[in-house]
Amino acid sequence: MKPISMKPIRSSLQAFAIGVLALAATAPALADKEDFPTAKGTTPTIPGIDSDALEKFGGEEGVHKWAEALFYYIMLDNRINWIFERFGNPKRQIELNTQLETMVLGGPAKYQGASMSAAHSDLHITLTQFNAVVEAAYNACERVNTPYHVCNQLIAALAPFERVIVTR
Amino acid sequence: MKASGSRLGGRIAVALAAVSGLYCANASAGFFDLNTGKVFLTNGAVITDGASGGGINPWATIGGMETRDGVNGTVHYTYANLPSFTLNSVGLLVGLWDRLELSYTWDTGPTSSTYNTVGLLTNTLNSLLTNPVIAPLLTPLGLTQTANTGIEPFNTQVIMNVVGLKLRLFGDAIYNSDSLIPQVAIGGFYKWNANKQLLHTLGAAKADDFEAYVSATKIFFPLSTLISATGRYTSANQTGLVGFGGPDGNKRTFRGEFSIAYLLNKQTAIGAEYAMHSDNLHDVMLGNINANGLVRTLQNIPAVNALVGPTLQSLNGTLTQHEDDWKDIFFAYAPNKNLTFVFAYAMLGQIVLAPHNNGVYMSVQANF
């Protein structure tokens, strides 16, 4: 692995929810035009994600279980676990991911983290690393028995974050 | 002719080997790192033309499991068992930075018993016409030796080499879920056939030619569905296995090819494909004799026509070639990132003289 210069772990980096592929700032002050989700909290996918996606995910509690599984797989993956160990705080990230994913699936907009571009700009994330998190996301869906097609609603909502998270 | 074909094939194989050797030699350099970062199935499958795609249609996807961060390669073997033709396709593909794709494929297979019959007849007739005792009896009937038809008494081979190049221009088939802009790639093939006499017999204008295409591919995650459309500029008969163009010349046109795949889970997809084909070929040439022309000449003789008119009509129909569009329904499964299997029911319609060429298509692809 290529060395990455150590930087202080700031609270914004704790929102390093690459795990979600994603994230954007809900706080309008932090949002830039490439950040998702929109102020409303959903990603304008084409076609739109299913209206009952959050319900089928098991609600906020189901999303929380999924986020726990997500970080279980991320921290087992030698391609990416070192990034999270160095710059993240998995416990905090599970909470932020639960907020974000609940929101993009159509639930309440309670996301408190930083803008995704702000959170990832210094990390030089590659597409290979981003894809590794996508694989962890699918593994997490299987782990909590969220059906593949429901999982794809979340993938669709988070996919555009690739543009702000992958900077290499 | 055959020798030059295989020599070029050899050169291409060496070039591709050099490319694959490069990334091994420079593993630490970064640029040519072996990379397996693509998500399952997003490399597509490998088509019988050797490019990344479905089963018969190229897609805008770049083959190999690499992302923009490195390089990867795929080897494939595809087998299609059809009533009058068996296709074997063996090839290799190199994907560079999910941007550029280089491929080489060798398509070969024996034709059916119909060819055996024709081959056996022409072979027998030719040997009779060289027999000093029998020949004088046959020549008054207007029978002359036929030139090499390319049709053997048994297992006439169709052999086509294909080199391919594909460049992804713009777009992202996977992650731009908030946009309708698909991933778009342009590509080309150069195809050359070994059995040129056979293609002449069947009336093709050329045995070797290029094809160019533009493909647009997009995954719609909310629907778990992939859609791809390709416009291919070509004059190919049966993708070039029966040469290019026909009696009216080698006229290339744009043909549409469409694929849809539904993702059952992250490792399994089912789908269907449709590819427009031409209908360039009709008459069969036995050496310099137009077989259909001969039948039509006989039909024009009133006495003969009165006697066996319906038979000749039917014979002419049987000897007339038609080409149908290709269709297939497929099932693709990637048990892991290094392997993809495709099982399909190929519906290729009439091939040369034989209709209803529907049958099983199987493909195995190994990624590095």
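This is a short presentation on a predicted model that contains chains A and B.

Good morning, colleagues. I shall start with confidence, then take chain A, the contact between the chains, and finally the strands of chain B.

The model as a whole scores ipTM 0.82 and pTM 0.83. For chain B, the mean pLDDT is 88, with 90% of the residues at 70 or more. Two stretches of chain B should be read with this in mind. Over residues 1-5 of chain B, pLDDT stays under 50, and the model has five contacts beyond four places in sequence for them. Residues 21-29 of chain B likewise stay under 50 in pLDDT, with nine contacts beyond four places in sequence.

Let me turn to chain A. Its secondary structure consists of nine helices and zero strands, so that, read from the N terminus, the order of elements is α-α-α-α-α-α-α-α-α. Of the 168 residues in chain A, 57% are buried. Among the contacts of chain A with a separation of 6 or more, 81% are between residues 24 or more positions apart.

One helix deserves a closer look. Why is helix α8 of chain A, residues 148-158, described as largely enclosed by the rest of the structure? The reason is that nine of its 11 residues are buried. These buried residues include A:V150, A:C151 and A:N152, and they continue through A:Q153, A:L154, A:I155, A:A156, A:A157 and A:L158. What do the buried residues of α8(A) pack against? Their partners in chain A are α2 (53-56), α5 (90-104) and α7 (127-143).

I come now to the contact between the two chains. On the side of chain A, 24 residues take part, and they meet 21 residues of chain B. Helices α7 and α8 of chain A each supply at least two residues of the side that touches chain B. By residue class, this side of chain A divides into 12 nonpolar, nine polar and three charged residues. Helix α8(A) thus appears twice in this account: it is largely enclosed, and it supplies residues to the side that touches chain B.

Finally, the strands of chain B. Strand β6(B), residues 157-170, runs antiparallel to β5(B), residues 100-110, and 11 bridges join the two. Within this pairing, B:T108 has B:I159 of β6(B) as its bridge partner. Strand β6(B) is also joined by 10 bridges to β7(B), residues 183-193, again in an antiparallel arrangement. Here B:M160 stands opposite B:N193 of β7(B). Strand β6(B) is therefore bridged both to β5(B) and to β7(B).

Thank you for your attention.

How values were computed:
Residues numbered from 1 in each chain as written. Chains lettered and ligands numbered in written order. Predicted model: local features only at pLDDT ≥ 70, side-chain atom pairs only at ≥ 80, totals over all residues. Pairing = 2+ DSSP bridges. Helix = DSSP H or I, 4+ residues; strand = E, 2+ residues; numbered from the N terminus. Buried ≥ 20, exposed ≤ 12 C-beta atoms within 10 Å, placed from the backbone. Contact = placed C-beta atoms within 7 Å. pLDDT = per-residue confidence, 0-100. Nonpolar A, V, L, I, M, F, W, Y, C, P; charged D, E, K, R; others polar.
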